[in-house]
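The following exercises concern strand pairing, salt bridges and surface charge. Please work through each task before reading its solution.

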Amino acid sequence: MSARNLVIVESPAKAKTIGKYLGDDFTVAASVGHIRDLPLPKELPADMKKGPYGRFAVNVEEGFEPYYVVNPDKKKTVSELKKLLKEADALYLATDEDREGEAIAWHLLEALKPKKSLPVYRMVFHEITKEAIQKALTETRELDMPLVDAQETRRILDRLVGYELSPVLWRKVRRGTSAGRVQSVATRLVVERERERMAFTSASYWDLTGEFITSELSDRSADTPAFTAQLRTLDGQRVATGRDFTDTGELKKSLKGNVTVLTEESAQLLIEALEGAKATVGNLESKPYTRRPAAPFTTSSLQQEASRKLRMGARHTMSTAQRLYENGYITYMRTDSVVLSGEAIRASRAQIQEMYGAEYVPDRPRVYTSKSQGAQEAHEAIRPAGSNFRTPAQVSNQLSGDEFRLYELIWKRTVASQMADAKGTTTSVTLDVEGKGRTAQFGASGTIITFRGFLAAYEEGRDQSRYAEQDGKDKRLPQMKEGQQLTAVEYTPSGHETTPPPRYTEASLVRALEERGIGRPSTYAATISVIQDRGYVEKKGTALVPSWLAFSVVRLLEEHFGKLVDYEFTADMEAGLDRIAAGNTDRVHWLSDFYYGKSGSFDTPVEGGLKATLDNLGEIDARAINTVSIGNGIDLRMGQYGPYIERAVEGSDTPQRANVPADLAPDELTLEKAEELMTRAKDDGRVLGRDPDSGFEILAKDGRYGPYVTENLELDEETKALPKTKQPKPRTASLFKDMDLATVTLEDALKLLSLPRVVGKDAEGVEITAQNGRYGPYLKKGTDSRSLETEAQLFTITEEEALAIYAQPKRRGRAAAKPPIKELGVDPTSEKPIVIKDGRFGMYITDGKTNVTLRKDESPETMTHERAVERLAEKRAKGPTKRKTTRKSSSRAKSSKK
């Protein structure tokens, strides 16, 4: 007997899992996402292209009516679903319970057109377990049309914004650029942060750390407790810290005359004044320390924490969570709610008692309330599925890799959210030291955790702080009493430079968007992916760095479509979509207000609407939009092949130009760097001589991906007339790292152009070649590659040496670490030991997390702990260095000067 009930979900994985919980009377099929969408205008039927649907596939003149078509790749799916529907006695639409899921269900109804006599049920659930599916079958509902309206409105809105603004960007910036309701605002956030970094001027200040003991120096033993304290005030005035300076490198006006800025000289003089003086314990205070656990995961907090703890991007996090949900491991992963069901709370408390003990279970269940007022908030936070949570150990043989790591993170956060508070004691003390007419007050604090509580299971991560300070956690202070005399062992001065605001990471950008009410957590992963795919933002390590293309796009939008990238207006639009989803606002009126500028739907309406803004756009100076002033007459411009800098030359119509390296972040293009590039560009195009074999000119050139040598093929007119794909391509080769564009010789160039070099053959006759690639020099034999230690080996390695390398087992991942050259002490930020190591590209300082190369004027012998701490802090503020990428040889020959 064939199944008579048809259940349609979005994905095959979800269909497979649900199918296990339903009987033989059910057939579960997948739509594989959306089956219908707005077509491209060129895909409209011929009779519609000149009508009101012609521009957007939306009739903006009559109720913003959309025209939908079945996606070409879904026609077969729709046909198969129609066949199944003919045999069904009932249809269950079991798509996700958010706006997108509701819209998919509606589109299925519109496309499948079931008979009026056929019962149609909307089946919803927030976890895929047997209990949840059985319950959902008995608690079906009607389609939620306000949710469908909200999704449709968002789709139409994005089509209007994209199709109206993108052509302007194509004309004035570059073909292929695009604008979007949320993506453009997210890009603006990243660009604004980079502008702040570019305008930043560092300020220098010093501080003083004292080491104190409770006994006399003469009585000191190995057991004598010592602790450190920071200088807080000097002669009654607070000592300045990094927070007290503006981004222009000046002391804040409100603080002038109220704080003391220590210099290296004044710090040394203070040490001399305080030398030998006793420290008196002033204020001594101990108070209880309590810390509560974080709420269970929402979509946003899951993306942030996965980025911090697992180094997973937002898109990867969501796709991994989707698989966990569809396979029945977690509840629905798109939610703004922090609420746990009674069932989940009971499961958490039972597991806490079983795994940690009764003292870790609070007297009453914890109840969290959501700050979000969004209409698409689901019923519950993200948590392990079921009424009895599976521990990470129980699923370790079913999940692997990132799926296991993400499940473990969700399990820990959920369980920790219902655990007891962490308890402890925080002690703070002030020490007064007087000497030679100076009065200094030092301060120290420490927190001792006496009961870990939820920390036994989980501790929330934190984004990088601009003014990172140690919190004194687990810093134990000795027993003291007010008025007690202490001995100062030594005073250590430290110099500091203020740091620019840190770049956004995916985690901090998600947080910034959520705090401003821009977009919704379910769309953040897609938004961050789009701005990277479009070339507006790239990742350096975890930092998001804007491209110069993003600067041009954002500037055009700010100057001519300011409202559309205004943070408050964008949040206002989101609130409007929420009102439509709740059934409180009519979508046609709302869209009309946005497009035609009528009042009533927006707190901050677009003057005249989007259409009027475009109709009265006026002239846009494309050259100005694509220009950023660097200083001293040097401007950065966006060209056809990328950014370059130029400066007018007196008495010449041709400006001096230089390429901007692809791996140079905007805030790194200082005036000094620009002058350096201009100097290097003077050697761009230098003729080194002719290849004695081919007779072609050999040139030294400077490209976006670094200096390189190439040949001038001197093609005849007939060959030049051929399509570029059929023209012969010149040989090109990047300069070695120890070569310079100004001094490279013809002999050097010919050797570089001779690569790859055949080194020899193995016993089976397979050729071994020496090549230079993206990750450095290497040997290649068939598909087996082995790294070489230096670029020079490309020309010197022999067949015998190559065979010896291949005789060794192939190392996977990194080679064994070399021992450190020098140990420098503990870094105060990471609390990890700082060492100097010798790496593949030279000596560098590292704390195990952050690496920074030693400069030419630095050596292990002269490097101090204080200087190493400063260098690491500078590197953290700047963000990780982007790896250089290789391009095909034909693209290297192009200049970005256009």
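**Exercise 1: Strand pairing**

Task: identify the residue in strand 15 that stands opposite Gln230, and describe the pairing on both sides of this strand.

Solution. Gln230 faces Gly443 in strand 15. The model is a predicted one, in which local features need pLDDT of at least 70, side-chain atom pairs count only at pLDDT 80 or more, and totals for chains, interfaces and linings use all residues. Residues are numbered from 1 along each chain as its sequence is written, and side-chain values use heavy atoms, with hydrogens and water left out.

Step 1. Strand 10 (residues 226–234) pairs with strand 15 (residues 438–451) in the antiparallel sense, over 4 bridges. Two strands count as paired if DSSP finds at least two bridges between them. Strands (E, at least two residues) and helices (H or I, at least four) are DSSP runs, numbered from the N terminus.

Step 2. Strand 14 (residues 422–435) also runs antiparallel to strand 15, and 13 bridges join them. Within this pairing, Thr427 has Gly446 of strand 15 as its bridge partner.

Step 3. The hairpin of strand 14 and strand 15 has 2 residues between the strands, and Lys436 takes a positive phi near 50° there.

**Exercise 2: Salt bridges**

Task: state how many salt bridges the rule gives, and place the pairs Glu305–Arg308, Lys673–Glu676 and Arg690–Glu714 in the fold.

Solution. Step 1. The criterion is a side-chain nitrogen of Lys or Arg within 4 Å of a carboxyl oxygen of Asp or Glu. The count by this rule is 56 salt bridges.

Step 2. In the salt bridge of Glu305 with Arg308, the closest N and O atoms are 2.6 Å apart. About one helical turn separates Glu305 from Arg308, because they are 3 residues apart in helix 8 (residues 299–310). Both Glu305 and Arg308 are buried; the classes are buried under 20% relative accessible area, exposed over 50%, and partly exposed in between (1.4 Å probe, protein chains only).

Step 3. Lys673 and Glu676 form a salt bridge with closest N and O atoms 3.1 Å apart. Both residues lie in helix 20 (residues 671–681), 3 residues apart, about one turn of the helix. Lys673 is partly exposed at 23% relative accessible area, and Glu676 is partly exposed at 43%.

Step 4. Arg690 and Glu714 meet through their side chains in a salt bridge (3.0 Å, N to O). Arg690 lies in strand 23 (residues 686–690) and Glu714 in the loop between strand 25 (706–712) and helix 21 (717–720), so this pair ties together parts 24 residues apart in sequence. Arg690 is partly exposed at 42% relative accessibility, and Glu714 is partly exposed with a relative accessible area of 42%.

Step 5. A network of salt bridges links Glu100, Arg154, Asp158, Arg181 and Glu574.

**Exercise 3: Exposure and distance**

Task: determine where Lys86 is found and whether it is buried or exposed, then locate Arg534.

Solution. Step 1. Lys86 is found in helix 2 (residues 75–86). Lys86 counts as exposed because its relative accessibility is 71%.

Step 2. Arg534 is found in the loop between helix 14 (521–533) and strand 17 (537–540). With 42% relative accessibility, Arg534 counts as partly exposed.

Step 3. Arg534 and Val429 are 105 residues apart in sequence, and their C-alpha atoms are 54 Å apart in space.
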